[in-house]
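Student: I have a sequence and a model in front of me. Can we work through a few residues and elements together?

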Amino acid sequence: MKVTQADYVISAVGPAQYPNNGLPEFALAGRSNVGKSSFINKMLNRRNLVRISEKPGKTQKLNYFIINDSFYFVDVPGYGYAKVSKKEKEAWGRMLETYFAERTVLSAVVHLVDLRHPPSKEDVQMHEFLAFYKRPVITIATKADKIPKSRQQKHKQIIAQTLSLTPEDPLILFSSQTGAGKEEAWRALEHYLH
Ligand code: GTP
Ligand code: MG
């Protein structure tokens with residue numbers, strides 16, 4: 001993918017603010033601090049288009065970015081941040097449930113997990129949740145630069161097993177630091193754009 005244009009569009013608090021021009025979109029889901037915003041910046045070759053959080057749990061709305069005037073990336077608030085109140089968690093859950101259940105232009109979900117650790121209970125729940133709504137999922141195992149090459153395949157295997165991925169399900173090792181996996185990730189996304 002040659003990225004010729006990438007712009008912030010809106011931080012949407014609900015469906016009334018989602019774009020309604022029919023363009024396809026990809027949502028970025030994953031634990032707080034896993035690297036969703038960094039993933040978007042790296043994919044778009046933009047250092048600061050999406051704000052990288054120093055403190056986790058900062059992305060509270062659906063942040064829309066338009067790419068090449070033809071599709072969107074949607075940065076979704078991360079889950080699993082302990083310091084979020086119960087009330088906030090419930091509001092988050094309701095917003096995302098509606099979004100994943102009803103958003104017709106959502107082409108696929110990019111689900112980020114951390115290559116360093118086995119997927120958490122919440123990672124597994126998110127994967128099952130997306131499967132329940134029959135959403136195509138591209139699983140990205142990020143922070144690959146933190147694991148030596150010699151151990152990456154073992155970690156990849158644990159992620160595939162824990163999330164019950166089949167060999168057909170895309171699972172891509174990625175690093176926002178080095179750009180590893182970027183071309184493969186674009187190929188997986190482009191699959192849904194034609
Ligand atoms: P929330 O918006 O809070 O849900 O977090 P997020 O998932 O958007 O994570 P973000 O991109 O803000 O990254 C969190 C931290 O992880 C930052 O300090 C990043 O620099 C770091 N990080 C993200 N991706 C990578 C990666 O591939 N490798 C390394 N080494 N660090 C990364
Ligand atoms: Mg973020």
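Tutor: Gladly. Keep in mind that this is a predicted model.

Student: Is Y72 buried or exposed?

Tutor: Y72 sits in strand β4, residues 71–75. Count the C-beta atoms around it: 22 others lie within 10 Å. The cut-off for burial is 20 or more. Y72 is therefore buried.

Student: Which residues does Y72 touch, leaving out those up to four places away in sequence?

Tutor: Start with a pair far apart along the chain: Y72 and V9 are 63 residues apart, and their C-alpha atoms are separated by 9.1 Å. For contacts, the C-beta atoms must lie within 7 Å. Those that Y72 touches are P19, L23, E25, Y64, F65 and I66.

Student: Where is N45, and is it buried or exposed?

Tutor: N45 is in the loop between α1 (36–43) and β3 (62–67). Its phi is positive, about 55 degrees, though N45 is not a glycine. Most residues other than glycine have a negative phi. N45 has 11 C-beta neighbours inside 10 Å, so it counts as exposed.

Student: What is the phi of S164?

Tutor: S164 lies in the loop between α4 (149–162) and β7 (171–173). S164 is exposed, because 11 other C-beta atoms lie within 10 Å. S164 is not a glycine, yet its phi is positive, at about 55 degrees.

Student: Which residues of helix α5 are buried, and how wide an arc do they cover?

Tutor: In α5, residues 182–190, the buried ones are A185, A188 and L189. They fall on the same side of α5, because around the axis they cover an arc of only 100 degrees. An α-helix has 3.6 residues a turn, so residues three or four places apart point the same way. To repeat the answer: A185, A188 and L189, over an arc of 100 degrees.

Student: Which exposed residues are on the face of α5 turned away from its buried side?

Tutor: First, the covered side: what covers the buried residues of α5 includes β2 (25–30), α1, β6 (137–142) and β7. The face turned away carries the exposed residues E183, R187 and E190.

Student: Which strand gives the most to the largest nonpolar core?

Tutor: That core has 37 residues, and A27, L28, V110, I140 and A141 have the most contacts inside it. At least two residues each come from β2, α1, β3, β4, β5 (106–114), β6, β7 and α5. With six residues, the one that gives the most is β5.

Student: Which residues does A27 touch, again leaving out those up to four places away in sequence?

Tutor: A27 is among the residues with the most contacts inside the largest nonpolar core. Its contacts are V74, V76, L106, V109 and V110.

Notes. Residues are numbered from 1 along each chain as its sequence is written. Chains are lettered from A and ligands numbered from 1 in the order in which they are written. This is a predicted model: local features need pLDDT of at least 70, side-chain atom pairs count only at pLDDT 80 or more; totals for chains, interfaces and linings use all residues. Helices (H or I, at least four residues) and strands (E, at least two) are DSSP runs, numbered from the N terminus. A residue is buried if 20 or more other C-beta atoms lie within 10 Å of its own, exposed if 12 or fewer, and partly exposed in between; C-beta atoms are placed from the backbone. Two residues are in contact if their C-beta atoms, placed from the backbone, lie within 7 Å. The arc is that of the directions from the helix axis to the C-beta atoms. A nonpolar core is a set of buried Ala, Val, Leu, Ile, Met, Phe, Trp, Tyr and Cys residues joined through C-beta atoms within 7 Å.
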